[in-house]
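Here are a few exercises to work through with the structure open beside you. Try each task before you read its solution.

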Amino acid sequence: MFPSSANVSERLAAPPELAISTVIFALRPSVNSGRPTLWLPLVKRIREPFDGLWALPGGPLTQAESLQDAAARNLRETTGLSPDYLEQLYAFGGLHRSPSARVVSIVYWALVQPTEAAMAEESANVKWFRADGLDTLAFDHNEIVDYALWRLRNKMAYGSIAYHFLGEKFTLAAVREVYEAVLDRSLDPANFRRQLKAAPQIEPTDEYLQGGKHRPPRLYRYTGVDSGGPPGGHSPSQPHPAALFTAATP
């Protein structure tokens, strides 16, 4: 039975629903190579629309929560994660992104360290997937993931975002692995190390990473300012030295 013109008019006149969705990026080992690769958790839908398809974690926005609080709560409920880096990404409000109602999604993105990602809760309906090459997701969530990847790769040019994937102290090789995982291509180790050591925000410590078969590598820390814009005094015309190298590498 087709809806009456009155019902259609009422639906068109109704305000859109508001929802929160979150793209959660973490580095996890590749199944094939064991090298760090970019992953994200998805939730399987158990009702229409798109019953059985995977989707980004999300849900309706309640009256009692701020946008940031709603995104953080949704993360905790679906994955058990409470990452330090949680930032508003974009608003997606296409007219036909949901077949049942007009829904505007405020999308957040989070960056998670490997130790946190290893503790993330998984179940039959919550699983981690490689961020590249996803199958068809519910709603417009493929478009959202693609946009988040584009933003992440662009923000790598300004230093501090790469270090949200790492702990307080890290090796230079670990930084290169972050860049390679996010940019999805190999970088020359010697050139990358030279560029990174020249960066004023990268400070050597007196500590070394123990437990390897070879000479233990020195640990470093990032000392730049993480203020939401280009860190460490860099402007868009002064990108992070490591990113200068990545941009120049074919």
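## Exercise 1: A helix and its two faces

Task: Check the span of helix α4 (residues 141-155) against what its number of residues leads you to expect.

Solution: This is a predicted model, and we begin with its helix α4. Step one: the helix has 15 residues, and at 1.5 Å a residue the expected span is 21 Å, because the rise is multiplied by one less than the number of residues. Step two: the C-alpha atoms at the two ends are 21 Å apart, which agrees with the expectation.

Task: Which residues of α4 are buried, and how are they arranged around the axis?

Solution: Start with the list: His141, Ile144, Val145, Ala148, Leu149, Arg151 and Leu152 are the buried residues of α4. These residues cover an arc of only 165° around the axis, so they sit on the same side of α4. Now turn to the face pointing away from that buried side: it carries Asp146 and Trp150, which are exposed.

## Exercise 2: Finding the cores

Task: Find the largest nonpolar core and the residues with the most contacts inside it.

Solution: A useful idea first: in soluble globular proteins, nonpolar side chains tend to be buried together. Here the largest nonpolar core has 43 residues, and those with the most contacts inside it are Val23, Phe25, Leu38, Leu152, Tyr163 and Phe165. Helix α6 (residues 172-183) supplies the largest share of this core, with eight residues. There is also a second, separate core of 17 residues, and Ile24, Leu81, Ile106 and Ala110 are among them.

Next, zoom in on phenylalanine 165. Not counting residues up to four places away in sequence, the residues it touches include Phe25, Leu38, Leu111, Leu152, Val178 and Val182. You have already met Leu152 as one of the buried residues of α4.

## Exercise 3: A buried glutamate

Task: Is glutamate 180 buried or exposed, and what does its side chain meet?

Solution: Locate the residue first: glutamate 180 lies in helix α6. Its relative accessibility is 12%, and the cut-off for buried is under 20%, so glutamate 180 counts as buried. Then look for a partner: a polar atom of the glutamate 180 side chain lies 2.9 Å from the backbone nitrogen of leucine 187. Leaving aside neighbours within four places in sequence, glutamate 180 is in contact with Arg35, Arg185, Ser186 and Leu187.

## Exercise 4: Backbone details in the loops

Task: What is special about the peptide bond from glutamate 48 to proline 49?

Solution: This bond is cis, with omega near 0°. To place it, find proline 49 in the loop between β2 (36-44) and β3 (54-55).

Task: Where do phenylalanine 139 and aspartate 184 lie, and what are their phi values?

Solution: Take phenylalanine 139 first: it lies in the loop between β7 (126-130) and α4. Its phi is positive, about 55°, although it is not a glycine. Phenylalanine 139 counts as partly exposed, because its relative accessibility is 23%. Aspartate 184 lies in the loop between α6 and α7 (189-197). Aspartate 184 is not a glycine either, yet it has a positive phi of about 60°.

## Exercise 5: Stepping back

Task: How many helices and strands does the protein chain have, and what percentage of its residues is buried?

Solution: Count the elements first: the protein chain has eight helices and 10 strands. Then look at burial: of its 250 residues, 42% are buried.

Definitions and conventions:
Residues numbered from 1 in each chain as written. Predicted model: local features only at pLDDT ≥ 70, side-chain atom pairs only at ≥ 80, totals over all residues. Heavy atoms only, no water. Helix = DSSP H or I, 4+ residues; strand = E, 2+ residues; numbered from the N terminus. Buried < 20%, exposed > 50% of the residue type's maximum accessible area, 1.4 Å probe, protein only. Arc of directions from axis to C-beta. Core = buried A, V, L, I, M, F, W, Y, C linked by side-chain atoms within 4.5 Å. Contact = heavy atoms within 4.5 Å. Polar contact = N/O pair within 3.5 Å; in protein donor to acceptor, adjacent residues only side chain to side chain.
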